[in-house]
Amino acid sequence: MILTAQRGRGSKIHLLLDGEYAVTTDAEFWAQNFICDGYDISDEEWSELLLKVNYRKAFNKCADLLSRRDHSIKELRDKLLRTVDGDSADKAIQKFIEMGYLDDEKFAKSLAKHLYENKNASDYTVKQELFKRGISKEIVERIIADSDIDPINSAEELIRKKYLLKLSAENGREKVIAALMRKGFSYYDIQAALKKICNDE
């Protein structure tokens, strides 16, 4: 197979085999792994080069995604698999774990804190959000157990923020109770929160 390289936009380099497009990499990678245009590359050599190209792509994508926000390992892997193979994704993820940039427990604690403090979420909602992002049952249970958030206070804050006006509407109390139960609050906690609000009024 004859390997040739063509410059693309910016720093992109397109690699062609026998004149047919094969894969895109970047100028820095190509400078480090330069092969002369017209080189007759063997299947084994091409496979090795392709592994390097895909790992480079996975590594760069990891860096880009993590620079935007923290991710769980599952979230990151799911996004990588849209553009790279599983082995390259796993290898890049392992590298970022080793460098300390990817940590499911740290991510889960941060997300739980945000949900509790900014969304007035129930334990149930926090669990579901963490499970959805692939956090292990052990980590989730530990975070919930370590939480000192009072569910009655959370329910009260949520009612005051989103549902206070609805309480005075027809069947408003029942609708607010149903809405909070769908968010994972217990009937007892909702009633206690409503009692506190009525007492304040």
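## Two asparagines with positive phi

Asn171 sits partly exposed in this predicted model, with a relative accessible area of 47%. You'll find Asn171 in the loop between H8 and H9. Its phi is near 60 degrees, a positive value in a residue other than glycine. That catches the eye because most residues other than glycine have a negative phi.

Asn120 is the other one to look at here. Its phi is also positive, at about 50 degrees, and again this isn't a glycine. Asn120 belongs to the loop between H5 and helix H6 (123-132). How buried or exposed is Asn120? With a relative accessible area of 7%, Asn120 is buried, because the cut-off for that label is under 20%.

## A positive patch on the surface

Just before Asn120 in the numbering comes Lys119, which lies in helix H5 (residues 104-119). Lys119 is one of the residues in a surface patch of positive charge, along with Lys161, Lys162, Lys166, Lys175, Arg182 and Lys183.

Which helices each supply at least two residues of the positive patch? Those are helix H8 (151-163) and helix H9 (172-182).

## Salt bridges across the chain

There are 14 salt bridges in the structure. One of them pairs Glu105 with Arg142, where the closest N and O atoms are 2.9 Å apart. This pair ties together distant parts of the chain: Glu105 is in helix H5 and Arg142 in helix H7 (residues 137-146), 37 residues apart. Both ends are partly exposed, Glu105 with a relative accessible area of 23% and Arg142 at 37%.

Helix H8 shows up again in the bridge between the side chains of Glu156 and Lys196, with an N to O distance of 2.9 Å. Here too, distant parts of the chain are linked, since Glu156 is in helix H8 and Lys196 in helix H10 (residues 187-200), 40 residues apart. Glu156 is buried at 9% relative accessibility, whereas Lys196 is partly exposed at 32%. Elsewhere, bridges with shared partners join Arg69, Glu75, Glu129, Lys132 and Arg133 into one network. Within that group, Glu129 and Arg133 form a salt bridge with their closest N and O atoms 2.7 Å apart.

## A buried threonine in a strand

Now for a strand residue: Thr25 is part of strand S3 (residues 20-26). Thr25 is buried, its relative accessible area being 8%. What does Thr25 touch, leaving aside its neighbours within four places in sequence? Its contacts are Ser11, Lys12, Ile13, Leu15 and Val53.

Note on methods
Residues are numbered from 1 along each chain as its sequence is written. This is a predicted model: local features need pLDDT of at least 70, side-chain atom pairs count only at pLDDT 80 or more; totals for chains, interfaces and linings use all residues. Side-chain values use heavy atoms; hydrogens and water are left out. Helices (H or I, at least four residues) and strands (E, at least two) are DSSP runs, numbered from the N terminus. Buried means under 20% relative accessible area, exposed over 50%, partly exposed in between (1.4 Å probe, protein chains only). Contact means heavy atoms within 4.5 Å. Patches are made of residues with over 30% relative accessible area and no salt bridge: like charges are joined within 9 Å, nonpolar side chains (Val, Leu, Ile, Met, Phe, Trp, Tyr) within 5 Å. Accessible areas come from the Shrake-Rupley method with a 1.4 Å probe; for residues, only the protein chains shown count as cover. A salt bridge is a side-chain nitrogen of Lys or Arg within 4 Å of a carboxyl oxygen of Asp or Glu. Lys and Arg count as positive and Asp and Glu as negative; His and the chain ends are not counted. The place of a charge is taken as NZ of Lys, CZ of Arg, CG of Asp or CD of Glu.
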